[in-house]
Amino acid sequence: MRVVSILPAATEIVAAIGGAAFLVGVSHECDYPPEVQALPRVTHTTVDPALPARDIDRQMAAAKRSGVSPVEVDLPTLTRLRPDVLIGQSVCDVCAVGTDELARVVRALDPTPWVVTLHPHTLADVFGDVGRIGKTLARRDEAREVVTRLMQRMRRLEQSVAPRPTPVRVLVLEWLDPPYVAGHWVPELVAHAGGTDVGNTAGSPAVVRSWRELAATAPDLVIIALCGFDAARARRELAAVTDPDARALFSRRVEVIDGNAYTSRPGPRLVEAAELLARLIRG
(Lines give C-alpha, C1' and ligand atoms only; values in the text may rest on other atoms or scores of the structure.)
Protein backbone atom coordinates (compact mmCIF):
# COMPACT_ATOMS: atom_id res chain seq x y z
CA MET A 1 0.00 0.00 0.00
CA ARG A 2 1.32 3.43 -1.00
CA VAL A 3 0.19 6.28 1.27
CA VAL A 4 0.67 10.02 0.88
CA SER A 5 -0.14 12.25 3.86
CA ILE A 6 -0.59 15.96 3.31
CA LEU A 7 -1.21 16.65 6.97
CA PRO A 8 1.44 16.44 9.73
CA ALA A 9 -1.01 15.00 12.26
CA ALA A 10 -2.03 12.27 9.82
CA THR A 11 1.62 11.41 9.23
CA GLU A 12 2.09 11.01 12.97
CA ILE A 13 -1.00 8.81 13.22
CA VAL A 14 0.15 6.55 10.38
CA ALA A 15 3.53 6.13 12.07
CA ALA A 16 1.96 5.54 15.50
CA ILE A 17 -0.09 2.59 14.23
CA GLY A 18 2.96 1.02 12.61
CA GLY A 19 2.30 2.17 9.05
CA ALA A 20 5.37 4.35 8.45
CA ALA A 21 6.63 1.92 5.80
CA PHE A 22 3.48 2.63 3.77
CA LEU A 23 4.32 6.34 3.47
CA VAL A 24 5.77 7.36 0.10
CA GLY A 25 5.18 11.12 0.36
CA VAL A 26 4.32 13.79 2.93
CA SER A 27 3.61 17.51 3.21
CA HIS A 28 6.29 20.19 3.49
CA GLU A 29 5.41 20.53 7.20
CA CYS A 30 5.71 16.86 8.15
CA ASP A 31 8.71 16.49 10.45
CA TYR A 32 7.72 13.82 12.98
CA PRO A 33 8.69 11.11 13.51
CA PRO A 34 12.17 12.09 12.24
CA GLU A 35 12.36 9.33 9.62
CA VAL A 36 9.59 10.92 7.53
CA GLN A 37 11.84 13.89 6.82
CA ALA A 38 13.58 11.84 4.11
CA LEU A 39 10.36 11.31 2.15
CA PRO A 40 9.37 13.31 -0.97
CA ARG A 41 7.43 16.51 -0.26
CA VAL A 42 4.20 16.90 -2.20
CA THR A 43 3.21 20.37 -0.96
CA HIS A 44 4.79 23.78 -0.53
CA THR A 45 3.65 27.15 0.76
CA THR A 46 3.72 30.54 -0.91
CA VAL A 47 4.00 32.24 2.49
CA ASP A 48 7.47 32.90 3.88
CA PRO A 49 7.41 31.54 7.47
CA ALA A 50 10.22 33.95 8.38
CA LEU A 51 7.88 36.93 7.95
CA PRO A 52 6.56 38.70 11.06
CA ALA A 53 3.36 37.17 12.44
CA ARG A 54 1.26 40.17 11.35
CA ASP A 55 2.40 39.79 7.73
CA ILE A 56 1.78 36.04 7.77
CA ASP A 57 -1.74 36.64 9.09
CA ARG A 58 -2.42 39.23 6.40
CA GLN A 59 -1.30 36.85 3.65
CA MET A 60 -3.40 34.05 5.09
CA ALA A 61 -6.45 36.33 5.31
CA ALA A 62 -5.94 37.49 1.73
CA ALA A 63 -5.72 33.88 0.58
CA LYS A 64 -8.96 33.03 2.37
CA ARG A 65 -10.75 36.00 0.76
CA SER A 66 -9.49 35.04 -2.70
CA GLY A 67 -10.25 31.36 -2.29
CA VAL A 68 -6.69 30.48 -3.27
CA SER A 69 -4.87 28.36 -0.71
CA PRO A 70 -1.31 29.45 0.15
CA VAL A 71 -0.48 25.75 0.41
CA GLU A 72 -0.05 24.21 -3.03
CA VAL A 73 0.28 20.61 -4.17
CA ASP A 74 3.19 19.50 -6.33
CA LEU A 75 1.01 17.56 -8.73
CA PRO A 76 3.84 16.09 -10.86
CA THR A 77 5.51 14.64 -7.76
CA LEU A 78 2.22 13.35 -6.39
CA THR A 79 1.39 11.77 -9.75
CA ARG A 80 4.78 10.09 -9.86
CA LEU A 81 4.25 8.63 -6.39
CA ARG A 82 0.98 6.95 -7.48
CA PRO A 83 -0.61 6.79 -4.03
CA ASP A 84 -3.25 4.21 -3.20
CA VAL A 85 -4.35 6.33 -0.23
CA LEU A 86 -4.26 10.11 0.13
CA ILE A 87 -4.89 11.59 3.60
CA GLY A 88 -5.94 15.25 3.93
CA GLN A 89 -8.08 17.50 6.11
CA SER A 90 -11.05 19.87 6.08
CA VAL A 91 -10.40 21.87 9.25
CA CYS A 92 -8.32 24.76 7.90
CA ASP A 93 -8.29 25.90 4.28
CA VAL A 94 -5.45 28.38 4.64
CA CYS A 95 -2.71 26.64 6.65
CA ALA A 96 -3.04 23.25 4.93
CA VAL A 97 -4.46 21.85 1.70
CA GLY A 98 -8.19 22.47 1.96
CA THR A 99 -11.19 20.50 0.79
CA ASP A 100 -11.60 22.20 -2.61
CA GLU A 101 -7.92 21.96 -3.49
CA LEU A 102 -7.82 18.34 -2.39
CA ALA A 103 -10.80 17.51 -4.62
CA ARG A 104 -9.11 19.22 -7.58
CA VAL A 105 -5.93 17.25 -7.03
CA VAL A 106 -7.75 13.94 -6.75
CA ARG A 107 -9.56 14.55 -10.05
CA ALA A 108 -6.19 14.97 -11.74
CA LEU A 109 -4.76 11.67 -10.49
CA ASP A 110 -4.95 8.42 -12.43
CA PRO A 111 -5.48 5.97 -10.89
CA THR A 112 -7.67 7.74 -8.35
CA PRO A 113 -6.50 7.13 -4.78
CA TRP A 114 -8.74 6.37 -1.82
CA VAL A 115 -9.13 9.70 0.02
CA VAL A 116 -9.35 9.99 3.79
CA THR A 117 -10.36 13.48 4.94
CA LEU A 118 -9.87 14.29 8.62
CA HIS A 119 -12.08 16.86 10.34
CA PRO A 120 -11.24 16.81 14.06
CA HIS A 121 -12.42 19.41 16.57
CA THR A 122 -12.28 17.44 19.83
CA LEU A 123 -10.14 14.73 21.41
CA ALA A 124 -12.84 12.19 20.62
CA ASP A 125 -12.60 13.22 16.97
CA VAL A 126 -8.82 12.75 17.04
CA PHE A 127 -9.12 9.27 18.54
CA GLY A 128 -11.77 8.51 15.93
CA ASP A 129 -9.37 9.58 13.18
CA VAL A 130 -6.79 7.11 14.48
CA GLY A 131 -9.40 4.40 14.05
CA ARG A 132 -10.39 5.59 10.56
CA ILE A 133 -6.81 5.58 9.36
CA GLY A 134 -6.25 2.20 10.95
CA LYS A 135 -9.26 0.80 9.12
CA THR A 136 -8.08 2.25 5.81
CA LEU A 137 -4.59 0.82 6.18
CA ALA A 138 -5.85 -2.57 7.42
CA ARG A 139 -4.32 -1.92 10.85
CA ARG A 140 -7.50 -1.85 12.95
CA ASP A 141 -6.00 -3.73 15.88
CA GLU A 142 -2.92 -1.54 16.00
CA ALA A 143 -5.06 1.60 15.86
CA ARG A 144 -7.29 0.29 18.64
CA GLU A 145 -4.23 -0.39 20.80
CA VAL A 146 -2.89 3.12 20.19
CA VAL A 147 -6.20 4.72 21.16
CA THR A 148 -6.44 2.53 24.26
CA ARG A 149 -2.95 3.54 25.39
CA LEU A 150 -3.64 7.23 24.76
CA MET A 151 -6.91 7.12 26.70
CA GLN A 152 -5.23 5.27 29.57
CA ARG A 153 -2.56 7.97 29.75
CA MET A 154 -5.24 10.64 29.87
CA ARG A 155 -7.05 8.83 32.68
CA ARG A 156 -3.81 8.44 34.64
CA LEU A 157 -3.12 12.13 34.13
CA GLU A 158 -6.54 13.12 35.44
CA GLN A 159 -6.07 10.86 38.48
CA SER A 160 -2.66 12.39 39.18
CA VAL A 161 -3.91 15.97 39.19
CA ALA A 162 -4.39 17.11 42.75
CA PRO A 163 -7.79 18.77 43.28
CA ARG A 164 -7.68 22.49 44.08
CA PRO A 165 -10.28 24.60 45.88
CA THR A 166 -10.08 26.99 42.94
CA PRO A 167 -8.92 25.60 39.56
CA VAL A 168 -6.03 27.39 37.86
CA ARG A 169 -7.37 29.82 35.24
CA VAL A 170 -5.51 29.20 31.99
CA LEU A 171 -5.41 31.21 28.77
CA VAL A 172 -3.83 29.57 25.71
CA LEU A 173 -2.82 31.80 22.79
CA GLU A 174 -2.01 30.26 19.42
CA TRP A 175 -1.10 33.53 17.65
CA LEU A 176 -0.02 36.94 18.90
CA ASP A 177 -0.42 39.41 16.04
CA PRO A 178 -3.39 39.53 16.04
CA PRO A 179 -4.07 37.56 19.22
CA TYR A 180 -5.86 34.26 18.61
CA VAL A 181 -7.20 32.18 21.51
CA ALA A 182 -6.63 28.46 20.92
CA GLY A 183 -9.73 26.34 20.51
CA HIS A 184 -10.82 22.92 19.24
CA TRP A 185 -9.18 20.28 21.50
CA VAL A 186 -7.02 22.72 23.51
CA PRO A 187 -9.63 23.58 26.19
CA GLU A 188 -10.03 19.83 26.73
CA LEU A 189 -6.29 19.44 27.20
CA VAL A 190 -6.36 22.20 29.80
CA ALA A 191 -9.23 20.52 31.64
CA HIS A 192 -7.52 17.11 31.64
CA ALA A 193 -4.41 18.85 32.99
CA GLY A 194 -6.33 20.25 35.95
CA GLY A 195 -6.99 23.79 34.75
CA THR A 196 -9.91 25.88 33.54
CA ASP A 197 -9.66 27.44 30.09
CA VAL A 198 -10.87 31.06 30.38
CA GLY A 199 -10.49 31.94 26.71
CA ASN A 200 -12.42 29.35 24.72
CA THR A 201 -14.60 26.25 24.88
CA ALA A 202 -13.95 22.69 23.72
CA GLY A 203 -14.76 22.07 20.07
CA SER A 204 -14.91 25.76 19.14
CA PRO A 205 -12.51 27.19 16.56
CA ALA A 206 -9.72 29.57 17.48
CA VAL A 207 -10.99 33.13 17.87
CA VAL A 208 -9.48 36.61 17.62
CA ARG A 209 -9.94 38.76 20.71
CA SER A 210 -8.54 42.15 21.69
CA TRP A 211 -5.72 42.42 24.20
CA ARG A 212 -8.07 44.33 26.49
CA GLU A 213 -10.59 41.47 26.42
CA LEU A 214 -7.86 38.96 27.09
CA ALA A 215 -6.43 40.94 30.00
CA ALA A 216 -9.95 41.07 31.48
CA THR A 217 -10.11 37.26 31.64
CA ALA A 218 -7.60 37.53 34.52
CA PRO A 219 -5.81 34.20 33.95
CA ASP A 220 -3.46 32.72 36.52
CA LEU A 221 -1.37 31.25 33.72
CA VAL A 222 -0.88 32.32 30.10
CA ILE A 223 0.36 29.61 27.72
CA ILE A 224 1.97 30.77 24.48
CA ALA A 225 1.62 27.86 22.03
CA LEU A 226 1.86 29.38 18.58
CA CYS A 227 0.44 27.49 15.61
CA GLY A 228 3.26 26.32 13.36
CA PHE A 229 6.05 27.81 15.51
CA ASP A 230 8.45 26.20 17.93
CA ALA A 231 9.19 27.62 21.37
CA ALA A 232 12.18 29.70 20.26
CA ARG A 233 10.17 31.46 17.55
CA ALA A 234 7.27 31.92 19.97
CA ARG A 235 9.57 33.69 22.45
CA ARG A 236 10.71 36.10 19.74
CA GLU A 237 7.10 36.83 18.80
CA LEU A 238 6.24 37.39 22.47
CA ALA A 239 9.13 39.82 22.92
CA ALA A 240 7.88 41.86 19.95
CA VAL A 241 4.43 42.53 21.45
CA THR A 242 4.22 46.13 22.70
CA ASP A 243 0.47 46.72 23.23
CA PRO A 244 -0.08 48.10 26.79
CA ASP A 245 -2.99 45.74 27.47
CA ALA A 246 -0.89 42.83 26.22
CA ARG A 247 1.98 43.78 28.49
CA ALA A 248 -0.46 43.93 31.40
CA LEU A 249 -1.62 40.42 30.53
CA PHE A 250 1.95 39.18 30.27
CA SER A 251 2.79 40.59 33.71
CA ARG A 252 1.04 37.45 34.94
CA ARG A 253 2.74 34.06 34.82
CA VAL A 254 3.60 33.19 31.22
CA GLU A 255 4.93 29.91 29.84
CA VAL A 256 6.02 29.24 26.25
CA ILE A 257 5.75 25.80 24.63
CA ASP A 258 6.29 24.32 21.18
CA GLY A 259 2.82 24.75 19.71
CA ASN A 260 3.87 23.27 16.38
CA ALA A 261 4.78 19.97 18.00
CA TYR A 262 2.11 19.66 20.65
CA THR A 263 -1.07 21.74 20.50
CA SER A 264 -1.49 22.50 16.77
CA ARG A 265 -1.51 18.93 15.51
CA PRO A 266 -4.55 16.72 16.18
CA GLY A 267 -2.58 13.52 16.60
CA PRO A 268 -1.10 11.23 19.26
CA ARG A 269 1.14 13.90 20.78
CA LEU A 270 -1.88 15.78 22.12
CA VAL A 271 -1.62 13.47 25.12
CA GLU A 272 1.97 14.64 25.63
CA ALA A 273 0.65 18.19 25.39
CA ALA A 274 -1.84 17.51 28.20
CA GLU A 275 0.94 16.04 30.34
CA LEU A 276 3.11 19.10 29.66
CA LEU A 277 0.25 21.45 30.53
CA ALA A 278 -0.30 19.58 33.78
CA ARG A 279 3.33 20.15 34.78
CA LEU A 280 3.02 23.85 34.00
CA ILE A 281 -0.28 24.20 35.84
CA ARG A 282 1.22 22.54 38.91
CA GLY A 283 3.97 25.16 38.72
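**Close-up 1. Alanine 218, a partly exposed residue with a positive phi.** At 29% relative accessibility, alanine 218 counts as partly exposed, because that class lies between the buried cut-off of under 20% and the exposed one of over 50%. Keep in mind that this is a predicted model. You'll find alanine 218 in the loop between helix H8 (211-216) and strand E11 (221-224). Its phi is positive, about 50°, even though alanine 218 is not a glycine.

**Close-up 2. Alanine 138, an exposed residue with a positive phi.** Here we're in the loop between helix H5 (123-136) and helix H6 (140-160). Alanine 138 isn't a glycine either, yet it has a positive phi of about 60°. With 60% relative accessibility, alanine 138 counts as exposed.

**Close-up 3. Helix H4 and its buried side.** Helix H4 takes in residues 99-108, and Glu101, Leu102, Val105 and Val106 are its buried residues here. They sit on the same side of H4, because they span an arc of only 135° around the axis. An α-helix has 3.6 residues a turn, so residues three or four places apart point the same way. What do the buried residues of H4 pack against? Their partners are strand E4 (71-73), helix H3 (75-81), strand E5 (85-89) and strand E6 (114-118). Turned away from that buried side is a face with the exposed residues Asp100 and Arg107.

**Close-up 4. Cis peptide bonds leading into proline 111 and proline 178.** Look in the loop between H4 and E6 for proline 111; the bond from aspartate 110 to proline 111 is cis, with omega near 5°. Proline 178 lies in the loop between strand E7 (168-176) and strand E8 (179-181). The peptide bond to proline 178 comes from aspartate 177, and that bond is cis with omega near 5°.

Conventions:
Residues numbered from 1 in each chain as written. Predicted model: local features only at pLDDT ≥ 70, side-chain atom pairs only at ≥ 80, totals over all residues. Heavy atoms only, no water. Buried < 20%, exposed > 50% of the residue type's maximum accessible area, 1.4 Å probe, protein only. Helix = DSSP H or I, 4+ residues; strand = E, 2+ residues; numbered from the N terminus. Arc of directions from axis to C-beta. Contact = heavy atoms within 4.5 Å.
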